[in-house]
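Student: Can we go through this structure together? I'd like to start with the surface.
Tutor: Sure, here it is.

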Amino acid sequence: MMNFIRNHKVAAGLWTIIRVYIGYVWLTSGLGKLMGGEFDASGFLQGAVAQTGGEHPTVQAWWGAFLEAVALPNADLFTVLVMWGEVLVGIALILGLFTNFAALMGITMNFAFLFSGTVSTNAQMVLLTIFIIVAGANAGKYGLDRWVMPYMKQTWKNRKQKQNKTTIAA
């Protein structure tokens, strides 16, 4: 089964459809925030911190403490990170460029939103993104990773060989 998921062309086609769908969701969400000009993470962060208390808190105390101590004081930075993170993850997934890294960053944002008490489509996106991550290189087979990753591996290998020759000569 893992051989099919990670190596088969049919599976690569399925992962491409899922990858492009997830990328589209990220891209449209990020562009909506960028183009709307009204997105400010501080309201969302304050709402999440407020959900840490009460009889049935939806946000765990440790996450609320992180948001209050780190995210809220840097809300302007988090505003930029969320907007551009969504756009860049969306573009990378649609193009199949650095697919595994983009999926990892996307799932990180999804978990941050889930930890903050937002359900929406985040749980569905987490599940689909797990499949993309498990598929590994096969998820980017029908994308730019098909050419970029072998080029990067060869460049890295050449750099290591050059460093080894320099170390031996010294």
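Student: Which helices each supply at least two residues of the nonpolar patch?
Tutor: H6 and H8 do. Helices here are DSSP runs (H or I, at least four residues), numbered from the N terminus. This is a predicted model: local features need pLDDT of at least 70, side-chain atom pairs count only at pLDDT 80 or more, and totals for chains, interfaces and linings use all residues. Residues are numbered from 1 along each chain as its sequence is written, and side-chain values use heavy atoms, leaving out hydrogens and water.

Student: Where does Phe101 lie?
Tutor: In helix H6.

Student: Is Phe101 buried or exposed?
Tutor: Exposed, with a relative accessible area of 52%. Buried means under 20%, exposed over 50%, partly exposed in between (1.4 Å probe, protein chains only).

Student: Now the inside. How many residues has the largest nonpolar core?
Tutor: It has 19. Such a core is a set of buried Ala, Val, Leu, Ile, Met, Phe, Trp, Tyr and Cys residues joined through side-chain atoms within 4.5 Å. Trp15 and Ile132 are among those with the most contacts inside it.

Student: Which helices feed it?
Tutor: H2 (9-36), H5 (75-95), H6 (99-115) and H7 (122-135) each supply at least two residues. The largest share, five residues, comes from H2.

Student: And confidence? Which element has the lowest mean pLDDT?
Tutor: Helix H8 (residues 145-169), at 86. H5 has the highest, 98. The protein's mean is 94. pLDDT is the predictor's confidence in each residue, from 0 to 100.
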